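Welcome! Here are a few exercises to work through with the sequence and the 3D view side by side. Try each one before reading its solution.

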Amino acid sequence: MTALLDPLLIAELAALGLGTGFLAGLLGIGGGMMMVPFITIIMGHRGVPADLAVKMAIATSMATIIFTSVSSVRAHHKRGAVRWDIVKRLAPGIVIGSLAGSLGVFALLKGTALAIVFALFVGFSATQMFLDKKPKPTRQMPGTGGQLAAGGAIGFISGLVGAGGGFISVPFMTWCNIAIHNAVATSAALGFPIAVANVAGYVVSGQSVEGLPAGSFGYIWLPALAVIAACSVLTAPLGAKAAHSLPVKKLKRVFASILYLLAAYMLWKGLRG
């Protein structure tokens with residue numbers, strides 16, 4: 001308990017929560033790609049083996065999305081931007097894919113292998129952000145089977161990297177002729193079932209793991225979840241407000257450059273392991 005109340009630890013987690021919350025509001029992205037490397041570093045400095053630290057960082061990052069998605073969805077819903085019809089059709093596949101990832105593949109893969117997967121995904125996402133390329137809308141949303149498969153892929157990949165799925169679902173929806181503001185709002189709504197299903201899998205698959213640090217619930221590190229979630233909720237509205245006065249397009253390129261560095265760090269962790 002003394003270790004969990006360490007003022008330095010609380011300060012580090014609070015700074016991470018404040019920063020990721022502001023960036024989420026400013027740039028319209030989830031904080032998972034920032035959180036995972038930094039939580040890995042924080043846990044590593046406290047003696048948690050790299051293999052376990054990466055897994056716990058991914059799981060804890062995903063758990064924070066449960067809280068941040070709720071406030072984000074409320075704001076989008078008030079503007080009538082969420083396509084709930086799409087949410088209903090993608091959600092079943094998302095739950096299936098998330099559970100398959102978090103209960104199966106996530107538990108079987110080593111944390112170092114997951115670090116490499118994370119690095120590749122973040123590198124791809126950073127390139128998408130840096131180039132600011134939007135897929136040309138060429139078709140309509142697929143039928144029930146197609147949306148089930150798409151939801152499964154979104155949930156599965158999100159669970160392996162600890163992200164809310166926005167970098168997959170938004171391009172997919174815009175490619176299917178969904179207006180960008182609807183795609184972003186709908187992606188925010190999809191973050192909730194992605195997070196809940198994956199977190200359930202992380203908790204169950206982590207129950208039998210030995211050597212978990214104090215304050216763990218399966219693979220979820222509760223001190224980090226509590227502090228980061230509380231702080232990110234405070235700064236997300238400030239980031240959203242700043243988005244109207246700051247050059248967001250230029251900031252996205254700066255942020256993409258930071259993501260390349262974080263991806264390189266996680267790739268190094270994975271290859272070294």
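**Exercise 1.** Does F106 count as buried or exposed?

*Solution.* Before starting, note that this is a predicted model, in which local features need pLDDT of at least 70, side-chain atom pairs count only at pLDDT 80 or more, and totals for chains, interfaces and linings use all residues. Residues are numbered from 1 along each chain as its sequence is written, and side-chain values use heavy atoms, with hydrogens and water left out.

Step 1: recall the scale, where buried means under 20% relative accessible area, exposed over 50%, and partly exposed in between (1.4 Å probe, protein chains only). Step 2: F106 has 0% relative accessibility, so F106 counts as buried.

**Exercise 2.** Find the aromatic partners of F106 and describe each pair.

*Solution.* Step 1: fix the terms. Rings of Phe, Tyr and Trp (its six-membered ring) pair if their centres lie within 6.5 Å; planes under 30 degrees apart count as stacked, over 60 as edge-to-face and the rest as tilted.

Step 2: search the whole structure, which gives three aromatic pairs. In one of them, F106 and Y202 are tilted, with 4.7 Å centre to centre and 50° between the planes. This pair links distant parts of the chain, 96 residues apart: F106 is in helix α4 and Y202 in helix α8 (residues 180-205). Helices (H or I, at least four residues) and strands (E, at least two) are DSSP runs, numbered from the N terminus. Y202 is buried too, with a relative accessible area of 0%.

Step 3: turn to Y219, which forms an edge-to-face pair with F106, at 5.4 Å centre to centre and 80° between the planes. Y219 sits in the loop between β1 (216-217) and β2 (220-221) while F106 lies in helix α4, so this pair ties together parts 113 residues apart in sequence. Both F106 and Y219 are buried.

Step 4: put the pieces together, and F106, Y202 and Y219 are linked by ring pairs into a cluster.

**Exercise 3.** Which residue lies over the face of F106?

*Solution.* Step 1: a charge sits over a ring if NZ of Lys or CZ of Arg is within 6 Å of the ring centre and within 35 degrees of the ring normal. Step 2: K55 lies over the face of F106, at 5.5 Å from the ring centre.

**Exercise 4.** Describe how helix α3 and helix α4 are arranged.

*Solution.* Step 1: the axes of α3 (residues 50-78) and α4 (residues 84-108) come within 13 Å and cross at roughly 170°. Axes are lines fitted to C-alpha atoms, for helices over the stretch in contact, and angles run from 0 to 180 degrees between N-to-C directions.

Step 2: classify the angle. Under 35 degrees counts as roughly parallel, over 145 as roughly antiparallel, 65 to 115 as roughly perpendicular and the rest as oblique. The two helices α3 and α4 are therefore roughly antiparallel to each other.

Step 3: list the contact residues, where contact means heavy atoms within 4.5 Å. They are K55, I58, V73 and H77 of α3 with W84, F106 and A107 of α4.

**Exercise 5.** Repeat the analysis for helix α5 and helix α6.

*Solution.* Step 1: the axes of α5 (residues 111-131) and α6 (residues 144-161) come within 8 Å and cross at roughly 115°. Step 2: that makes α5 roughly perpendicular to α6. Step 3: L114, V117, F118 and F121 of α5 make the contact with I157, L160 and V161 of α6.
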